[in-house]
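User: I'd like to go through this one with you before I set anything up. Can you take my questions as they come?

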Amino acid sequence: MVSFPSFGRVKVVHHERSPAEKSLVLRLDIFLMTFGCISQVIKYLDQQNINNAYVSGMKEDLNLYGNELNYFTTYFNVAYCIMLIPSQIILTYVRPSFWLSGLEICWGVMTGLIATCHSAKQVYVLRVFLGLCESSAWPGMITLFMYWYTPTELAKRMGFYHSCQALGSMMSGALQVAITNTLDGHTGLAGWRWLFVINGIITVVWGVAGFFMLPDLPNNPNPRAIWFTKEHAVLAMERLERNGRAEPKKMSWAGAKRTFSTWVVYFIAVLYISTVLASYGYAYFNLFLKSLKHADGTKVWSTSQVNAIPIGGGAINVVFVWIWALLSDYFQTRWVLIVAQAVLGIIPCIIMSIWTRHPASVALSAVYASYFICYLALGTAPLIFSWLSDILPQDPEARTLIVGVAVAGYYAVSSWSQVLVWPAKQAPYYKYGWQSALALWVLVIIMTCALRVIDVKYMLPKRLAFGSTVIQCDVADESGLSETRSASNSDVPNDSKLSKEVQTSALATS
């Protein structure tokens with residue numbers, strides 16, 4: 001048993017996992033994490049390909065010379081926002097292996113159909129259906145992780161899962177480069193159309209795999225998941241109890257009312273929305289590259305290079321999301337690392353704010369560096385939702401809804417704000433984009449520090465009280481079973497005291 005420093009918090013006593021528990025976690029990583037991560041790569045591949053297609057011939061083929069690219073995002077975001085919270089509620093009634101996998105198949109079909117479009121209006125319709133179907137994926141998997149992983153395991157898994165967004169972005173750029181060089185014009189289809197066809201096929205195939213790979217819930221396991229046994233289900237429930245986590249339950253009106261009557265749902269939502277919007281400037285790196293021209297008017301970068309260069313930023317994103325998540329679980333802190341990323345995010349905002357107003361006063365190398373620095377600060381989401389799991393271990397209904405509200409809130413805001421703050425017509429000299437991002441990063445720092453104070457002073461005692469209640473129930477159950485244990489001469493050692501110590505310590509961390 002070892003303990004790690006926790007920056008002034010109650011010291012975390014780490015439970016030493018048995019071989020059976022290690023086997024369970026390994027199986028979860030192989031099946032749950034693998035499905036989630038590849039699904040996330042595919043999801044972001046499907047989302048990002050619209051930008052890659054736009055700079056690879058789609059703009060010219062469909063006559064997209066206004067803000068159509070922004071509207072593609074807007075229609076997707078509005079639909080995503082509308083369906084997200086209902087999807088989170090449905091997830092508590094329908095098996096995740098049915099709901100998440102089924103919707104993935106649907107959005108794969110919609111992605112493939114974009115290859116047949118010949119006008120912006122047709123793309124708008126399909127983007128709406130894509131948003132409706134994809135709304136379940138990210139928040140649904142984050143919710144499942146909260147049920148299956150313990151506090152010292154959670155941030156790493158969420159971080160790895162979240163980093164797959166960057167992998168999807170990198171693969172989209174690389175895939176578009178490969179398609180442009182090999183399939184462009186094959187069977188009469190432009191390269192950007194082949195991108196959607198290939199994405200759609202991959203998505204449908206992986207959606208089918210989800211029916212067998214997802215374990216569903218600890219108290220209602222997937223009968224089709226042959227890799228998951230009854231013993232694993234019992235052990236999974238023991239892990240929830242040991243770490244003071246209440247078991248999953250169907251969403252109730254009382255739970256929804258309780259959630260929306262507290263400040264936590266609104267605070268976490270604003271914090272999450274602010275971090276995502278503050279870091280969004282990196283998404284327009286390819287438009288910056290596309291805008292660069294030599295003195296004679298020729299393009300500095302070819303289409304393949306415009307798609308390939310941001311892949312380097314994606315690699316930086318992947319590495320640093322892992323670093324932030326590993327540090328978070330190792331030191332059992334969330335807030336310090338969120339603030340650190342906000343500070344890093346402020347640097348490119350200042351440089352780019354100056355460059356967009358006075359381009360001649362800032363070296364172009366500094367602009368390139370700023371875009372790449374943006375990728376360092378994209379690891380806040382896993383820390384925020386790991387923190388949410390820490391501060392509300394006793395309320396799975398609230399956690400499920402808060403994740404949904406936070407992500408839906410982001411898409412609701414971005415559906416209109418992106419057109420105003422980052423209009424394609426202004427690229428790359430945005431009038432308000434980088435200044436807005438700077439203000440949001442400052443807000444993130446203030447809110448994170450405030451939540452840290454509130455957590456320690458007011459929420460920690462509630463978690464400890466909940467843990468004490470669970471422990472008392474355990475003691476009552478054990479006293480009723482003690483005679484049975486004695487009569488059976490069980491060889492299993494009684495480590496209830498150790499479990500209670502670990503449980504109380506886990507409740508004290510955030």
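User: What is the mean pLDDT of the protein, and what share of its residues reach 70 or more?
Analyst: Keep in mind that this is a predicted model. The mean pLDDT of the protein is 85. As for residues that reach 70 or more, the share is 88%.

User: Over which residues is the pLDDT below 50?
Analyst: One stretch is at the start of the numbering: pLDDT stays under 50 over residues 1–12, although the model has 35 contacts there beyond four places in sequence. Another stretch has 28 contacts beyond near neighbours in sequence, and its pLDDT is also below 50. Where pLDDT is low, the predicted coordinates should not be read in detail. So go easy on the contacts in both stretches: residues 1–12 and residues 478–506.

User: Which helix gives the largest share of the largest nonpolar core?
Analyst: That core has 129 residues, and F145, Y272 and F385 touch the most other members. Y272, for one, is in contact with W138, A381, I384, F385, A406, V407 and Y410, leaving aside neighbours within four places in sequence. The largest share of the core is 15 residues, and they come from helix α1 (residues 19–61).

User: Is T356 buried or exposed?
Analyst: T356 lies in helix α13 (residues 335–357). Leaving aside neighbours within four places in sequence, its contacts are P428, Y429, Y430, W434 and Q435. With a relative accessible area of 9%, which is under the 20% cut-off, T356 is buried.

User: Which residue's backbone oxygen lies 3.2 Å from a polar atom of the T356 side chain?
Analyst: The partner here is a backbone atom, paired with a polar side-chain atom of T356. That backbone oxygen, 3.2 Å away, belongs to S353.

How values were computed:
Residues are numbered from 1 along each chain as its sequence is written. This is a predicted model: local features need pLDDT of at least 70, side-chain atom pairs count only at pLDDT 80 or more; totals for chains, interfaces and linings use all residues. Side-chain values use heavy atoms; hydrogens and water are left out. A nonpolar core is a set of buried Ala, Val, Leu, Ile, Met, Phe, Trp, Tyr and Cys residues joined through side-chain atoms within 4.5 Å. Buried means under 20% relative accessible area, exposed over 50%, partly exposed in between (1.4 Å probe, protein chains only). Helices (H or I, at least four residues) and strands (E, at least two) are DSSP runs, numbered from the N terminus. Contact means heavy atoms within 4.5 Å. pLDDT is the predictor's confidence in each residue, from 0 to 100. A polar contact is a pair of N or O atoms within 3.5 Å; within protein, one must be able to donate a hydrogen and the other to accept it, and residues adjacent in sequence count only if both atoms are side-chain atoms.
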